[in-house]
Amino acid sequence: GTPLGNALFPDLVEAIFSLEEVLSKDLCTHRPPSSHCAVNRNAQFTPHVDSGRGSGQSLSMIVGLGDYYGGELLIEGEENDI
């Protein structure tokens, strides 16, 4: 079903999926549009592998917004600064 956050924050959901559309075109990713998203603030996660369960997607899009330090993202053992 539809995530509860979509109903609670419809303007944010619309903005996120609009941004995804623009970024996908700019980056020429040719990925299908997402049906779900996650918004995190001050989040830290232990190493894990995404399952790609979101509508069968295996290509994730991660975007860092705002003024912050850090933002390191480890992808297949390689550190990336988003």
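The following paragraphs lead through selected residues of this predicted model.

The path begins ahead of the helices. Thr2 is placed in the segment before helix H1, which spans residues 4-8. With a relative accessibility of 66%, Thr2 counts as exposed, because the limit for that class is over 50%. Thr2 and Ser35 are 33 residues apart along the chain, yet their C-alpha atoms are separated by 8.7 Å. A separation in sequence and a separation in space must therefore be read as two distinct quantities, as the pair Thr2 and Ser35 shows.Helix H2 comes next, and it covers residues 10-27. One of its residues is Glu20. Is Glu20 buried or exposed? Its relative accessibility is 9%, and Glu20 therefore counts as buried, since the limit for buried is under 20%. Which residues does Glu20 touch, apart from its neighbours within four places in sequence? They are Arg31, Pro32, Pro33, Ser34 and Met61.

Ser34, a member of that list, belongs to the loop between H2 and strand E1, the strand formed by residues 72-75. The side chains of Ser34 and Glu20 are joined by a polar contact of 2.6 Å. Ser34 has a relative accessibility of 19%, so it too falls under the 20% limit and counts as buried. The polar contact thus links a residue of helix H2 to a residue of the loop between H2 and E1.

The next residue to consider is Glu21. How many salt bridges does a search of the whole structure find? The search finds one. This salt bridge is formed by Glu21 and Lys25, whose closest N and O atoms are 3.4 Å apart. As a general principle, side chains of opposite charge can pair when their charged atoms come close. Both Glu21 and Lys25 lie in helix H2, where a spacing of four residues corresponds to about one turn of the helix. The two partners fall into separate accessibility classes: Glu21, at 46%, counts as partly exposed, whereas Lys25, at 59%, counts as exposed.

The path ends at Asn42, which is found in the loop between H2 and E1. Its relative accessibility is 73%, and Asn42 therefore counts as exposed. What is notable about the phi angle of Asn42? The angle is near 55°, a positive value in a residue other than glycine. In general, most residues other than glycine have a negative phi.

Technical notes:
Residues numbered from 1 in each chain as written. Predicted model: local features only at pLDDT ≥ 70, side-chain atom pairs only at ≥ 80, totals over all residues. Heavy atoms only, no water. Helix = DSSP H or I, 4+ residues; strand = E, 2+ residues; numbered from the N terminus. Buried < 20%, exposed > 50% of the residue type's maximum accessible area, 1.4 Å probe, protein only. Contact = heavy atoms within 4.5 Å. Salt bridge = Lys/Arg side-chain N within 4 Å of Asp/Glu carboxyl O. Polar contact = N/O pair within 3.5 Å; in protein donor to acceptor, adjacent residues only side chain to side chain.
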